Amino acid sequence: MQFSGRRKKLIGNFQNDLYDQCLQFYGQPPLENISLTEFETFAVERLKLLKTVENVGVSCVKNSEQYTKKLDAEISSLNFPHRGGISEYEKRRKDHISHFILRLAYCQTEDLRRWFIQQEMDLFRYRFNCLHSKHKTDFLHKNNLKYETVSAEEKKNLKDKLIASSYGLSGTKVEEHDVYKVPFQDALDLVRTRKVYLLAGNAYIPHHEIVTIVLNDFRTRLSKALAVMFYSDLVISLHCDWLSSFVPLFFCYSHAYVGQDYSIQKNIGKISLEQIDALSGKSFPLCMRHLHKALRENHHLRHGGRMQYGLFLKGIGLTLEQALQFWRSEFVKGKVDADKFDKAYAYSVRHMFGKEGKRTDYTPYSCMKVILSNPPSQGDYHGCPFRHSDPELLKQKLQNYKVSPSGINQILELVKGMHYQLACQKYFELTHNVEDAGFSLNHPNQYFTESQKFLSGGRDIKKEVDMSQRSQENPASVTHPSQANSKQAHEEMGDLDSFFQDE
Amino acid sequence: MSTSDYDPACLPDLLPIYYRRLFFPFSQYYRWLSYGGVSKNYFQNREFSFTLKDDIYVRYQSFTSQNELENEMQKMVPNKIDIGAVYSHRPSQHNAVKSGTFQALEKELVFDIDMTDYDDVRCCCSAADICSKCWTLMNIAIRILDRALREDFGFHHLLWVYLGRRGVHCWVCDDAARKLSVAARSAVAEYLSLVKGGEETVRKVVLSDPIHPFIKLPLFLLVILSVVERYFQQYTIVDQDILGSKESVDKVLALLPEDIKKDLAVSYKDEKDPMKQWDQLCDLVERKKSNSRKGGQYFDKEIMLQYCYPRLDVNVSKGVNHLLKSPFSVHPKTGRISVPIDLKELNTFDPFEVPTISLICEELERPRADEAEEDDKKDKENEQEAGERHRIRDYKRTSLAKYVKVFDWFLEAMARSRKGEMLKKSDLQMDF
């Protein structure tokens, strides 16, 4: 095949060649130099995209209309290549580079590799299915996927058998479109489920099903590439190179929250302390409602609970003065006298607001952080109740909060499947009496904001405004998200929790 | 037939005779596992495991030649022999190899059918017992799987082996089969599996597709059903008498939806002929299907498959390094030799006629004049086997002979196909 020879000769035209197709197999790594900013931004945006792919894949039936709509929206808003428009060079370049950057981070462990491959495959499947039939064939040719097409005569002989074996295949389709003949080892997913005609060790795949085969190929290549990368000198030397400062960041990004960080409070000072009890029942996510109740009942919270709840309260708009008053009034009802509070606990409240120590203005914990780090032990009330509570206890709690039995069952099903954030979303839907929450839950403060929006009736209008604001912000403030995110990332790397002694 | 003379206590005395007097067809066995010597060290890197006296189990046995295999087996006198995978290094030296580099590379694709997996649908026997009635299940299983492996997957070299008591194995020996990955083996096994679920599952076969309710049955199923239908009436209705007792009728009814169950309970009060009862069941299902908005419902076909379709153990087929009982092993409880099955004579294959080790040892003692003459003629033709003249005569005098012949044909077919491949390759090379 002349194909590889051509590549070596025309480095100049190489880039144009590479980006003349909407979709690619990521066979060749990018060869250019890019700025650090672009490096970070590309990586973060692809990560956002993959996270959306994961969320949408769990909450909707894959390839359903709902699924398609949601993914479509995310891909456009993040400026990734879409349905093969003409001037997509920049987007395709970003797609290419960001994929390879994430490979560096995700080749590190078995779990990370598995996650990355799964999301990239789902994304690839989605984008391949969006291609026109002609572009699909072009893609196969360009990528040297030597799937033999069946001759017209053979097609005629096999027509009835083909129709009987593949769903959605009609006589006309067989005549008009290609049917591929592929060794059965390359079509295992179709073989396993008996969705294909097999003869003498070959699977006969109609054109519209070829995506399964291509996906198989994609998975094999990516899996191999990640394994090779992990063992390669490049990754080993990364730890000694100046780039090494980025690799740890990516570990954080992998589990980092990459949305709004709720450090800039729009509602600052708008909440009064008297409202908190009522708000906890109406607009707090279950974890915060739980913490608030425990605080009221025990007049105390241990360190993990103070951090999680305290930062949340900051995020919903409490001022430092309000926070001090709130915590003190509660602790004083318990075993702590006012003096002791001022000496010990007040300091930590001020620390949360960035008024002590290194004066970092700490950001409220995202769901990911609550779920993954610092699991609660005996005497703790922090964490995510969907993740950390025993299902029986969770059920009781929900019953106490008057959630319907069928609703409780739905929540418990989601918990069983480890979809903790979806369970909380379902809790939102049940307590607000709405069918679809209308947002993807990632952050307790997001829950609060959405709930307040909903209860004040301003939801629909607000949503549209937000969408247009986002797309405006994106090209202009390319540096902003990355700064905010490195901040959160640094915090998560830092040792705030061990700074204080637990009581 | 004095097969009932086998006494397990005699096994330790009979086994040495079995291995020494070359009942055990060492040269064919070696020919088989060398696969024409195309891959270097293929035989040498093959793992065997032995179960010795007192249930001592030794793994990672490997041999450098046929002679070594013979000597070791005659020395150790294993009760049971298992064949494993071909590894990257000699299994007997696996400890000396750097960790992580000792890998299973190739192995035949194998299938295991065990009669105990059918216990929930057998009335005649259970557990380790079999009889001529339920042997039909094996017959059906072999036919369906053999056809599917050959026609759908394009495999040619299949060795079916009766294990001596209640099961059969299929060894798929094609080059392509030996090179299959774990994922591919598992996909083939799943393609062939229709009966799913353990004790808690009542309805083990589901043919209708909830996502595509109106789709017709796929081709694969139509072909299978045509085989099953041939046997169903005689085997299931008559031999197994599944509509004969209240208990067994209830089991069948449990697989049907409420409305059909009710209607049948009524009509079965009057109709007592099981054949007609079955027809009534099929009529009701057909009627429900054509009236239903839910599309294809195949309860009658599901029942047929649940009672007859082959039940495989997917785990046996999946692993590349899985160890499986070797052909020509002796079954310790029944004494029967694990012999190849001639598919051309499948309908007349009788598991109770398979010779036991005590039978063939006994037959050995009986001199047969006419056979000796025949062998002399053959010896003059066969120069190579001159040294083994005496030995060949031994097993040929016994009931084992016809089963070894099946093995010979199998090996010849493989050799012919290898020759054909090599000719094809050299033709291609000569062409530019």
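Between chain A and chain B of this predicted model, the salt-bridge count comes to just one. The pair in question is A:Arg192 with B:Glu190, and their closest N and O atoms sit 3.4 Å apart. That distance falls inside the 4 Å cut-off for a salt bridge. Polar contacts add to the picture: nine residue pairs meet that rule across the interface, with both partners at pLDDT 80 or more. On the side of chain A that touches chain B, the elements giving two or more residues are α8 (152-165), α10 (188-192) and β3 (197-199). By residue type, that side of chain A splits into nine nonpolar, four polar and three charged residues.

As for the extent of the contact, the size of an interface is often given as the accessible area lost when the parts come together. Here chain A and chain B bury about 1,600 Å² between them, and carbon and sulfur atoms account for 68% of that area. The residue tally is 16 from chain A and 22 from chain B.

Turning to chain A on its own, its secondary structure amounts to 26 helices and four strands. The chain has 503 residues, of which 50% are buried. Among its contacts with a separation of 6 or more, 68% link residues 24 or more positions apart.

The strands come next. Strands of a sheet pair through backbone hydrogen bonds, either parallel or antiparallel. In chain A, four strands line up as an open sheet in the order β1-β2-β4-β3, with antiparallel pairing. The edges are taken by β1 (148-149) and β3 of chain A; each has a single partner strand, so one side of each is left without a neighbour in the sheet. Strand β3 of chain A has already come up above, as one of the elements giving two or more residues to the side that touches chain B. Further in, β2 (residues 179-183) and β4 (residues 202-206) of chain A run antiparallel and are joined by five bridges. Within that pairing, A:Val179 stands opposite A:Pro206 of β4(A).

Chain B also has an open sheet of four strands, arranged β5-β7-β6-β9 and again paired antiparallel. Its edge strands are β5 (109-114) and β9, each of which pairs on one side only. Strand β6 (residues 158-162) of chain B connects to β9(B) through two bridges, the two strands running antiparallel. On the β9(B) side, B:Val339 is the bridge partner of B:Tyr162.

Two residues with unusual signs of phi round things off. B:Phe328 is not a glycine, yet its phi is positive at about 70°. This residue belongs to the loop between β8 (324-325) and β9 (339-340) of chain B, the latter being an edge strand of the sheet in that chain. B:Phe328 has a relative accessible area of 0%, so it counts as buried, the limit for that label being under 20%.

A:Asn433 has a positive phi as well, near 55°, and it too is a residue other than glycine. Its place is in the loop of chain A between α23 (420-431) and α24 (444-455). With 72% relative accessibility, A:Asn433 counts as exposed, since that label applies over 50%. The two positive-phi residues thus carry opposite labels: B:Phe328 is buried, whereas A:Asn433 is exposed.

Note on methods. Residues numbered from 1 in each chain as written. Chains lettered and ligands numbered in written order. Predicted model: local features only at pLDDT ≥ 70, side-chain atom pairs only at ≥ 80, totals over all residues. Heavy atoms only, no water. Buried < 20%, exposed > 50% of the residue type's maximum accessible area, 1.4 Å probe, protein only. Contact = heavy atoms within 4.5 Å. Buried area = accessible area lost by both parts, 1.4 Å probe. Salt bridge = Lys/Arg side-chain N within 4 Å of Asp/Glu carboxyl O. Polar contact = N/O pair within 3.5 Å; in protein donor to acceptor, adjacent residues only side chain to side chain. Nonpolar A, V, L, I, M, F, W, Y, C, P; charged D, E, K, R; others polar. Pairing = 2+ DSSP bridges.
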